[in-house]
Every structure is written in structure tokens, then in C-alpha cells.
Amino acid sequence: MSPGEPGDGRAAACGSVRHVIGHDDLAVRTLGPCRIDSPLAERLEARETTQHSVMEDDRVLFDDTLSMAGARDVPVQGLPSLEPGGPRKRIYFDPAKTRVGIVTCGGLCPGLNDVIRGLVLELARHYGVRRIVGFRNGYRGFIPHYGEDVVDLAPDVVQHIDDEGGTILGTSRGKQDPEEIVDALERLNINILFVVGGDGTLRGAMDVVRVIGERGLKVAVVGIPKTIDNDIPYIDQSFGFQTAMAEATKSIHAASVEARSAPGGVGLVKLMGRHSGFIACYSVLAKDDADYVLIPEVPFTLHGERGFLEHLRRRVQERGHAVVVVAEGAGQEHIEGEEPGRDASGNVRLGDVGRLLRRLITEHLDAAGVENNVRYFDPSYAIRSVPANAYDSAYCLRLAHAAVHAAMAGRTEVIVARRRRRFVHIPMALAVSRRNHVDPLGDLWMSVLEATGQPVRFE
Ligand SMILES: Nc1ncnc2c1ncn2[C@@H]1O[C@H](COP(=O)(O)OP(=O)(O)O)[C@@H](O)[C@H]1O
Ligand SMILES: O=P(O)(O)OC[C@H]1O[C@](O)(COP(=O)(O)O)[C@@H](O)[C@@H]1O
Ligand SMILES: [Mg+2]
């Protein structure tokens, strides 16, 4: 399941100029040559690139259609390609002398504890890295002012943390001074920092990498991308997304039960999705109970003969009930009088589109003399605070393995990700260069329109 990317996925809209992704965008930084035999080296003998694995000296093509590759008009060796993830025969760091830090930042997502657990177990059990600390409450865990202690992490500490949602380290929002963060890394003699977070976290990590370079330090910073909204580009899907989407279907089904059990029943469900409507789309496709899906990527008019409210009225009168699923970032253009503001990280604070729709739907049906019972569900935090399901648990473990392999091989300013089902290294700069959106002209949105029967646009 690979949520669509706008356009061909090759060009990234950087400001007004559409930038075509090329070799330089995919180059991965390393701290230096790998001179130390890896403890996993013997497992890597006699392997070759197959449908299921990519050797370390091979590369994974970025373009995955003939038209995209053909449009490059270069020989195959000149096609943009990504460094594959996975263990290397030789590594940069000496495991016996390596200290590792782990930090989780931003909003919760199912699987954070699975990632922490996976990192610690792979480091300790397979690389023999014993000095692992967790920084508490996001980047503020590095800042003396907050007085956060560091958490010693070891296999026995993390063995069962994946049974719980959230993150044992805690998380936070709000920019911190990268100089102070690197001060803490130096004080603790940290050689590798794993950052688990979304676009903001990765921007913060890039600031940290800049300061590390300015100080001439050899510290690797590797990101495991995290976002409940699935808004990180160039990756198949963020960890926890499947779990969150599955949780959301429970609320959608409940809304459908309520709507079908009352005259003029309207079930209204608001889901997370600040700028991207992937959770709304996939949870509706999974539980085909919804009549309407409203997402940030597809504006809609409320009023008038062809507006959303009139369409809903007709649907309620014809069928006696309806279910509406709205992503929290949709319809912001209709919210007046609320100063959006921003959270501590600078993310825009959204107006409550759920409350607006609940009021307008009731008013519109009342004015039309249509009996109605509007039931409003807002499971936002409920769907991101649950433990990962089996699929995401396994995915988190594999991402953690890939992150440890990358870091031990001296890669830095990079995220590990699965793209087109291959684990690859993606430079952080590319990961934050644009946001992953539902493509209104793509096949995902087409499926949603087919599943709900809603019109292509309300205008
Ligand atoms: N533009 C930025 N530059 C530097 N650091 C940032 C930036 N945005 C966020 N951060 C840091 O990353 C952390 C998490 O960012 P946030 O946007 O809240 O969540 P997420 O990374 O999950 O999207 C913040 O606590 C902050 O320290
Ligand atoms: O956790 P907060 O500060 O209430 O913010 C809620 C927002 O965080 C998100 O869960 C995304 O958070 P991240 O970008 O940190 O993953 C949005 O879906 C939601 O709008
Ligand atoms: Mg974010």
C-alpha cells in the first residue's frame, strides 16, 4: 500500500520552481571510510542483489516507471538512485567504544516504543554496543534548563515496552538551541544520535548536524521518520499509519451504526491530518461506511445548490442517514473568527472543522425541515496513542535495524525508509523538501470517490 505522491513523484515543488530530483539530492553523507569489520559480516557473504535484497555496492533506482526513467534521457548508470539500507561488511564505529543516544519528538504515533526497543536490541545484541541513553521529552531532554535526566537503555529495560502506545522517553514540541543540544552530546560523549520524529524533528536534526560539522565532531545523526499524518514524502508509508488507520475505522463504523439507528442520522467523524488526508482516505476505504470524505487537499464549497450541505441533505432524505469523515485540516477556509495561531514548533493550529460542520449540518437540515440526529466523533488522540499492530511492530523493528546499520556505517543527516518496498537511505534535506499529500488526481482519491459515491467536487 503506497499512498500516492503528487505528479510523478520525481519533481518536488521547491518554492515556485519545480525541482527535478537528481543524483545530488540522493547523495548520502558519511563520517568517513569504514575500516572495521562488522560483527554481522559473516552473514553477508555470498549474498547478491535479488528481488528481496540489495547489496551494499548496488543502488535502488529512484524512478520506477519507464516514462520517468526515459524522460531523464541518460544511460542507466546516470539514472538517479538511492543508497540501499542494510548491514555493511565494514563499519565506521568501533562498537566497543560507541555511545548512542535516542530521542523521540513531536506528536505520538503507534510504534514509537517498538522503534526504541528495536534500536536498543539491535545495538546491544548484534553490534555489541552497550552504552545507550534515551533523552527525555524530545529535544528539550538535551537542554540543562529543563533538568531532564537521561535514561539508561538496555535490552532488559526495553524488552516489553512495545506493549504500550506512546513513548517511554516522552516527547515534546518547540524548537531548542542546536548549540545546546550538541553541548549535551559532547558532554555525554555520544557518537550516534537516533532521532524519531517528523518534518519538524528532521529540521531540528539538520541544525544539529550543522553544529556538529562546525565543531569538527564525528557524530552520526540518523532519523527514523514518524508522522501519524503520513506527510513525509518519498517513503511508502510512515510506521504506525496502518495501526492508526485501523483504529480510525472503529470510529467510522460506530458513526455508521449511530447514523443508521436514528431518523435522519448523520455520523460525523473528525480524524487527524493537519495538511494531508491519508488517514481519512484509507480508513474510509477499509470500512466502506462513509458517504463523504473531506480532506485538506480538496477544497469544497458548503452552500448553494451544488454545495456539500445541499448534497448531504438530499442524501439524508433519500437514504435516511449519512456518514461524513473529515480530516482536521480540511475546510479551514470556512472557519472565521478563530485566530489559527501556531503550536510550540510553529505548526499551524487548526480551526475546529468538526465543530463547524456539526453546527452547519444541523442548521441546514433544520432549515430544510429535515429531521436529523447529528452524532459527532473526534477520536484523534485515541488513534495515535495505541500500541502498534503486528504489521507496524514488525515494520518498526525493521526500520530500527536499518537505522542501526546506517549509523554504524557512519551515515549521517539521513533517514532510513522503505520506498517501493526497498529499505533505502534518504537525505534529511530531501525528506523535508516537500510534504506528502493526497493527489486529487491520483488513484487513491479516485478510489475514495468510487467508494463513497460523492461528487468529484462540491462547487
Ligand atoms: N523548523 C524547525 N527547525 C528546527 N527544529 C525544529 C523545527 N520545527 C520543529 N523543530 C524541532 O523538532 C521538534 C518536533 O517538531 P514538530 O513539528 O513538533 O513534530 P514532528 O517532527 O513530529 O513533525 C520540535 O520539538 C522542535 O524542537
Ligand atoms: O500533538 P498536538 O500538539 O496536539 O498536535 C496534534 C497534531 O499533531 C499531529 O498528530 C501530527 O503531529 P506530528 O507532525 O508531530 O507527527 C497532527 O495530526 C495533529 O494535528
Ligand atoms: Mg510534523
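From which domains does the shell around ligand 2 draw at least three residues each? The shell draws at least three from domain 1 (24–66 + 80–239 + 388–419) and at least three from domain 2 (242–333 + 348–385 + 440–452), where the bounds of the domains come from an automatic or database domain assignment.

Before going further, it helps to know that this is a predicted model, in which local features need pLDDT of at least 70 and side-chain atom pairs count only at pLDDT 80 or more, while totals for chains, interfaces and linings use all residues. Residues are numbered from 1 along each chain as its sequence is written, chains are lettered from A and ligands numbered from 1 in the order in which they are written, and side-chain values use heavy atoms, with hydrogens and water left out.

The centres of domain 1 and domain 2, taken over C-alpha atoms, are 37 Å apart. Where the two domains are in contact (heavy atoms within 4.5 Å), domain 1 contributes 16 residues and domain 2 contributes 12 residues.

Turning to ligand 2, we find 13 residues around it, of which Gly107, Asp229, Glu328, Tyr381 and Arg384 come nearest; a residue counts as near if one of its heavy atoms lies within 4 Å. This shell divides into 3 nonpolar, 4 polar and 6 charged residues, with Asp, Glu, Lys and Arg counted as charged and Gly among the polar ones. Some polar contacts (pairs of N or O atoms within 3.5 Å) join oxygen atoms of ligand 2 to side chains: the distance is 2.5 Å for Glu328, 2.7 Å for Asp229 and 3.1 Å for Lys226. Of the 480 Å² of accessible area that ligand 2 has on its own, the protein covers 86%, as found by the Shrake-Rupley method with a 1.4 Å probe.

Lys226 leads us on to ligand 1, because an N or O atom in the side chain of Lys226 also lies within the polar-contact limit of 3.5 Å, at 2.6 Å from an oxygen atom of ligand 1. The side chain of Thr201 likewise places an N or O atom 2.6 Å from an oxygen atom of this ligand, whereas Gly200 uses a backbone N or O atom, 3.1 Å from a nitrogen atom of ligand 1. Taken alone, ligand 1 exposes 550 Å², and the protein buries 90% of that. Its shell of 19 residues has Gly174, Asp199, Thr201, Lys226 and Ser345 as the closest, and divides into 2 nonpolar, 11 polar and 6 charged.

How values were computed: Polar contact = N/O pair within 3.5 Å; in protein donor to acceptor, adjacent residues only side chain to side chain.
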